[in-house]
Amino acid sequence: MTPGNETAAGGIRERNRAAIEAEILRLGHLHLAEYGAAALSLRAIARDLGMASSALYRYVASRDELLTLLIVDAFNSLADEVDADLASLPARRRSPGQQFRAISVALRRWALANPHEFALIYGSPVPDYRAPEEQTNEPGTRVVRHLAGLLSQSRSRRRGENRAVSAAGRQLAPVLADPMFDDLEVEPNDLVRGLAAWSLVVGAVTAEVFEQNGPNLSLDPGVHFEAMVALANSLVFERD
């Protein structure tokens with residue numbers, strides 16, 4: 001085989017491998033929705049692919065590796081949606097509070113469209129699985145980095161801070177040494193309020209996705225969500 005033919009053959013193999021890996025990921029999402037994260041099975045994926053289990057292991061070594069691929073894909077899918085919404089904001093609507101609302105709306109829309117992926121990254125841990133930080137930290141903090149940037153833009157400098165907030169701020173202060181906060185001026189107490197604000201938003205979305213409020217609470221989910229976003233905004237971006 002000539003060098004040119006070898007290069008062409010290598011390119012075909014790479015394309016074939018990429019196509020198979022994409023199909024494994026697609027089936028992984030389907031099985032996640034049908035069976036749940038804890039019941040994911042490479043044998044079942046191989047069966048749907050029409051491939052022997054031993055052959056599948058050349059692409060995905062274990063159930064845990066498949067879970068990691070699904071988690072990374074979910075984090076990136078959410079972050080891409082957030083990025084697109086932020087990029088579409090007009091200049092007159094780019095205050096920190098308005099950007100926070102845009103991130104919150106993107107999270108809710110993505111979660112309602114992808115409830116199983118939302119459960120995978122924001123729900124209960126999968127039994128006997130520990131996400132490898134070296135693979136999940138970067139995609140898992142893409143949205144968080146946006147939020148950190150907003151905190152640095154809207155420092156409240158409040159007087160007479162609540163003692164509980166100050167105590168939590170002192171404990172969280174070492175977190176600000178993380179490279180994520182390089183070149184950002186974020187006060188420890190503002191980080192506490194930011195965590196509280198994001199918890200309100202994630203909690204509202206979680207309650208809606210998993211129908212946690214029950215049938216007897218006569219509150220429209222959209223109204224509840226907007227109220228939580230407004231309250232969250234008031235914790236950190238009160239001047240917006």
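In the predicted model, the interface between domain 1 and domain 2 buries about 1,300 Å², and 74% of this area lies on carbon and sulfur atoms. Helix H1 (3-35) and helix H2 (42-49) each contribute at least two residues to the side of domain 1 that touches domain 2, and the largest share of that side, amounting to 6 residues, is supplied by H1. Classified by residue type, the side of domain 1 that touches domain 2 comprises 12 nonpolar and 2 polar residues, with no charged residues. Counted by contact, 14 residues of domain 1 meet 12 residues of domain 2. No salt bridges are found between the two domains, the count being 0, whereas 3 residue pairs, with both partners at pLDDT 80 or more, are in polar contact between domain 1 and domain 2.

The division that underlies this interface assigns residues 1-61 to domain 1 and residues 63-237 to domain 2. When the centres of domain 1 and domain 2 are taken over C-alpha atoms, a separation of 33 Å is obtained. For the protein as a whole, the C-alpha atoms fill a box of roughly 75 × 50 × 35 Å along the principal axes.

With regard to secondary structure, the protein contains 11 helices and 0 strands, so that, by the DSSP assignment of helices and strands, the order of elements from the N terminus on is α-α-α-α-α-α-α-α-α-α-α.

Two annotations, both taken from an unreviewed UniProt entry, can be placed on the model. The annotation "domain: HTH tetR-type" covers residues 18-78 according to that record; in the model, the end C-alpha atoms of this span lie 22 Å apart, and the span is 75% helix and 0% strand. The annotation "DNA-binding region" is given in the record for residues 41-60, and for this span the end C-alpha atoms are separated by 11 Å, with 60% of the span in helix and 0% in strand.

Although the count of salt bridges between domain 1 and domain 2 is 0, the structure holds 11 salt bridges. One of the salt bridges is formed by glutamate 21 with arginine 17, for which the closest N and O atoms are 3.0 Å apart, a distance that falls within the 4 Å cut-off applied to such pairs. Because glutamate 21 and arginine 17 are 4 residues apart in helix H1, about one helical turn separates them. Helix H1 (3-35) thus carries this pair and is also among the elements that supply residues to the side of domain 1 that touches domain 2.

Terms used: Residues numbered from 1 in each chain as written. Predicted model: local features only at pLDDT ≥ 70, side-chain atom pairs only at ≥ 80, totals over all residues. Heavy atoms only, no water. Domains from an automatic or database assignment. Contact = heavy atoms within 4.5 Å. Buried area = accessible area lost by both parts, 1.4 Å probe. Salt bridge = Lys/Arg side-chain N within 4 Å of Asp/Glu carboxyl O. Polar contact = N/O pair within 3.5 Å; in protein donor to acceptor, adjacent residues only side chain to side chain. Nonpolar A, V, L, I, M, F, W, Y, C, P; charged D, E, K, R; others polar. UniProt positions renumbered as here; feature names shortened; annotations may be inferred.
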